[in-house]
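Reader: I've just opened this one and I don't know where to start. Please take me through it, one question at a time.

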Amino acid sequence: MDKYMEYALEQLKTLVSIPSPSGMTREATDYLLAELTRLGFRPQRTRKGTVTCDLGGTGHGIAISSHVDTLGAMVRSVKSNGCLRLSQIGGYNYNAIENENVLIHTRDGRVYSGTVQSTHASLHVWSSNAKDERTDETVEVVVDEEVRTAQDTKALGIDAGCVVSFDPRFVVTKSGFVKSRFLDDKCSASLLLALARQVADGAVTLARNVILVFTVYEEEGHGASALYGMPVEDFIAVDMGCVGDDLNCHETELSICAKDSASPYDFDFTNELIDRAKRLSIPYAVDIYPRYGSDCSTVLKAGLEARFACCGQGVFASHGYERTHIKGMQATLALIGDLSERVY
């Protein structure tokens, strides 16, 4: 594993440890601004919160996008027993967060810990435990403070509108698998940082103007919408590739998305990605994701006049406790590097 992949893994570990559910992303973007500045660039943050960074190069502009907002929750109400009812941030199954450790971020800056539990958590008490459907009515956050009533919890500053973030549980196995929440899409964000470091070191020589884009509302469906005026010829969303069912992709491969829930991707640009992968001997798969959307969807609907495509490392158990592999990350970094170094 070369130093740029080691760097990407370090950045990924750091990024997933920063709570950033959609709407609460300032700490994550502060980190991006500091790291890109440390590498010698001049990143900017838009009013909406997106971080952009011009890596240099001239002509044939390309925007390479990932997002750093994540799934999470907001406190819908404080229940009479002092526990919290949730409203989702992003889309996921409540089964995927049961028993997860969380942080509760109050509006005045305090942070408390807790756990997502079934309202019938103990099998020794409720025989319906295994049969209950998990919904916002049947799971709750148990706060790690001595609270028994709604008044007790509210006295801590916890009330409707507080944000709940999930423990990422980041792990890299000896076999090269990377397990964590929020690989969608902080894994891709770490690879964009690795590309920036390659450019800073002279390991990648730009053959075109390359602009990195880190959006902050992708999980809510409007991440890149305000960027429709970017002066680029190509826009590529670097996001996760899904694994399972009749799909071809594996975690060890680059996924090239040909069509998602919003649109087919540009035929010629997608073919170009396939050709690049073949030329570089990158392990890849082409798939269709009917329950998937990317930053391409929103920026194009807003009016961006550019070719568009989507790729990324394969990710198992998306919007749950996710898994990818270093090989898939390496394949993705190789492709975005080639997009930066070579114009077809």
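**Charges, rings and cores**

Reader: Is Asp201 buried, partly exposed or exposed?
Author: Asp201 has a relative accessible area of 43%. Buried means under 20%, exposed over 50%, and partly exposed anything in between (1.4 Å probe, protein chains only). So Asp201 counts as partly exposed.

Reader: What kind of model is this, and from which number do residues count along each chain?
Author: It's a predicted model: local features need pLDDT of at least 70 and side-chain atom pairs count only at pLDDT 80 or more, while totals for chains, interfaces and linings use all residues. Side-chain values use heavy atoms, with hydrogens and water left out, and residues in each chain, as its sequence is written, are numbered from 1.

Reader: Which residue forms a salt bridge with Asp201?
Author: A salt bridge needs a side-chain nitrogen of Lys or Arg within 4 Å of a carboxyl oxygen of Asp or Glu. For Asp201, the closest N and O atoms in the pair are 3.9 Å apart, and the partner is Lys3. The pair links distant parts of the chain, 198 residues apart: Asp201 in helix α4 and Lys3 in helix α1 (residues 3-16). Helices here are DSSP runs (H or I, at least four residues) and strands too (E, at least two), numbered from the N terminus, and the partner in helix α1 is Lys3.

Reader: How many residues apart in sequence are Arg323 and Glu251?
Author: Their side chains meet in a salt bridge, 2.8 Å from N to O. Arg323 lies in strand β18 (residues 322-325) and Glu251 in the loop between β14 (241-242) and β15 (254-260), so the pair ties together parts whose separation in sequence is 72 residues.

Reader: Which of that pair, Arg323 or Glu251, is buried?
Author: Arg323 is partly exposed, at 27% relative accessibility. The partner has a relative accessible area of 2%, so the buried one is Glu251.

Reader: Over which ring does the charged end of Arg323 sit?
Author: A charge sits over a ring if NZ of Lys or CZ of Arg is within 6 Å of the ring centre and within 35 degrees of the ring normal. The charged end of Arg323 is 3.8 Å from the centre of its ring, and that ring belongs to Phe177.

Reader: Are the rings of Tyr92 and Phe166 stacked, tilted or edge-to-face?
Author: Rings of Phe, Tyr and Trp (its six-membered ring) pair if their centres lie within 6.5 Å; planes under 30 degrees apart are stacked, over 60 edge-to-face, and the rest tilted. The centres of Tyr92 and Phe166 are 5.8 Å apart and their planes are at 85°, so this pair is edge-to-face.

Reader: Which residue joins Tyr92 and Phe166 in one aromatic cluster?
Author: Both Tyr92 and Phe166 are buried. Their cluster also includes Tyr94.

Reader: Which helix gives the most to the largest nonpolar core?
Author: A nonpolar core is a set of buried Ala, Val, Leu, Ile, Met, Phe, Trp, Tyr and Cys residues joined through side-chain atoms within 4.5 Å. The largest has 78 residues, and those with the most contacts inside it are Leu55, Ile64, Ile104, Leu212 and Phe214. With 10 residues, the helix that gives the most to this core is α4.

Reader: How many residues are in the second, separate core?
Author: Ala63, Phe235, Cys249 and Val315 are among its members. The number of residues in this core is 24.
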